[in-house]
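Hello, and thanks for sharing this one. Below are my notes on the structure, set out as numbered points for you to follow with the model open.

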Amino acid sequence: ATLADAINQDQVPVFTTAAGNLATAFNNVAYSANAGATDADGDTVTHSITSGSLPSGISINSTNGMITGTPSGSSLGNYSITVQAATSSATVTRNFVVPLSALPTGGNITNTGGYRYHAFTSSGTFTVSTGFTPSIEIFMMGAGGGGGSWVPGGGGAGGCVNIDSPASFSTSAQAYTVTIGGGGSGAVNPGSMAPPFGGQSITGGDTSLRDASGNYLLTAIGGGRGGNYNGSGSSAHGQGQNGGCGGGRGKADYADGTGVQTTATTSPLGNAVSANSRTYGIGYNGGSSSTNEGYGQEGGGGLNNSERSNGSGKNGIEFAWVSALNIGTNSGNSASSGGYFGGGGGTGNHSGGSVGSGGVGGGATGYSNTGSKAPSGLSNTGGGGGGGGRPGGSYSEGGNGGSGVVILRYTV
């Protein structure tokens, strides 16, 4: 025998993963992390935890050292463990930490395409827990404004705040308040021939995100209401109102509403508008390239600033990153079928003639040939309400604006 034969050359196991934090685990979410070791000699390695403990629901595989399972019911925090890897002739240990946190909660949650989405179609709370504070992408629509009545302008779409990749919004551990703006009411049935020919329509509600102290972090401004034909009444009835996107005017003598999403520090409803709400905001003035009859009324503003003819509301735009949820419309303005949002409302007609169409993205068409209420903007699109008409002595009320929406997403 030689000296080399007498020397034991058996190798000790080597851990695959460096000491310290393993991947973060989340309650009620399947987990997997590698705490295993390999042996160069091919000896069988047995793994065990010699000190500390894992969150309830996960355990270590003695053969390969994988920590797997679905944690549930354990307190959030860091779980420190010592893993031992042993062969018949050698033993090594390494210290690891398994952080346990909770994923954010709130809204309707969907996991698709490698992202976790939270969609708020009504007001609620977005709660972020200690240990996982993701940077998020965020899309917000203010509610659409209501349409006017009797030679009416269309309601403006809500303003938009869109912070998507490569931009993001930082979160911290707290409960955020999400407020979804309600659609503005259309102008009511005037009930008589006396000016101002119909009660005023109403601006759409603001959609906002506030921190736990109540500070406004982001605000998507509600759309401006559409104007009425005011006769000898107040000019306030004839003008389109300012909003996230401006409402259309009700008569040629008066102005279309101005879109103020990118400029306002306070919304028309009195809510604070942050710098980020303006920087990442979208919103345009009311108005069409031509009116649909001689009185001069025009369609509501939308997120696409290209003017349309015959009193039609301006179109909205498509946001591809939220289209998978089918909350917005498709390019044909069909509800719940795509990622278009923010279409303006179309005008009505005084005398039973043609009306303006609603803009793609939830805008409503106007009415002319009926005494019933004009169509409303589609829910959760921020679309403007259609203008009502006065066909042959019947009075058609303006349509309501569509409500707002908030969509968040992040990677886990």
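1. Let me begin with the surface. The accessible surface of the protein comes to about 15,400 Å², and carbon and sulfur atoms hold 44% of that area. Please keep in mind that this is a predicted model.

2. Next, the overall dimensions. The C-alpha trace spans about 115 × 40 × 30 Å along the principal axes of the protein. The radius of gyration is 30 Å, where a compact globule of 412 residues would have one near 22 Å. Even so, 52% of the 412 residues count as buried.

3. On secondary structure and contacts, the protein has 23 strands and 3 helices. Among contacts with a separation of 6 or more, 61% join residues that are 24 or more positions apart.

4. A word on charge: there are 16 negative side chains and 12 positive ones. The centres of these two sets lie 20 Å apart.

5. Now the interior. In soluble globular proteins, nonpolar side chains tend to be buried together. Here the largest nonpolar core has 22 residues, and Phe126, Ile138, Met140, Leu209, Leu218 and Val406 have the most contacts inside it. Strands that each supply at least two residues of this core include S13 (124-128), S14 (135-141) and S23 (405-410). A second, separate core has 20 residues, among them Ala35, Leu54, Val83 and Ala85.

6. Phe126 deserves a closer look. Setting aside residues up to four places away in sequence, Phe126 touches Pro104, His118, Phe120, Ile136, Tyr176, Leu408 and Tyr410, among others.

7. Is Gly356 buried or exposed? Gly356 counts as buried, because its relative accessibility is 0%. This glycine sits in the loop between strand S22 (340-341) and S23. Beyond its neighbours within four places in sequence, Gly356 is in contact with several residues, including Asn292, Asn310, Gly311 and Thr365. Ser368 is 12 residues from Gly356 along the chain, and their C-alpha atoms are separated by 9.8 Å.

8. Ser51 is a useful residue to view alongside that glycine. Ser51 lies in strand S6 (residues 46-52) and counts as partly exposed, because its relative accessibility is 34%. Not counting residues up to four places away in sequence, Ser51 touches Ser80, Ile81 and Thr82. Between the C-alpha atoms of Ser51 and Ser168, which are 117 residues apart along the chain, the separation is 40 Å.

Technical notes. Residues are numbered from 1 along each chain as its sequence is written. This is a predicted model: local features need pLDDT of at least 70, side-chain atom pairs count only at pLDDT 80 or more; totals for chains, interfaces and linings use all residues. Side-chain values use heavy atoms; hydrogens and water are left out. Helices (H or I, at least four residues) and strands (E, at least two) are DSSP runs, numbered from the N terminus. The radius of gyration is taken over C-alpha atoms; the globule rule is 2.2 Å times the number of residues to the power 0.38. Buried means under 20% relative accessible area, exposed over 50%, partly exposed in between (1.4 Å probe, protein chains only). Contact means heavy atoms within 4.5 Å. Accessible areas come from the Shrake-Rupley method with a 1.4 Å probe; for residues, only the protein chains shown count as cover. Lys and Arg count as positive and Asp and Glu as negative; His and the chain ends are not counted. The place of a charge is taken as NZ of Lys, CZ of Arg, CG of Asp or CD of Glu. A nonpolar core is a set of buried Ala, Val, Leu, Ile, Met, Phe, Trp, Tyr and Cys residues joined through side-chain atoms within 4.5 Å.
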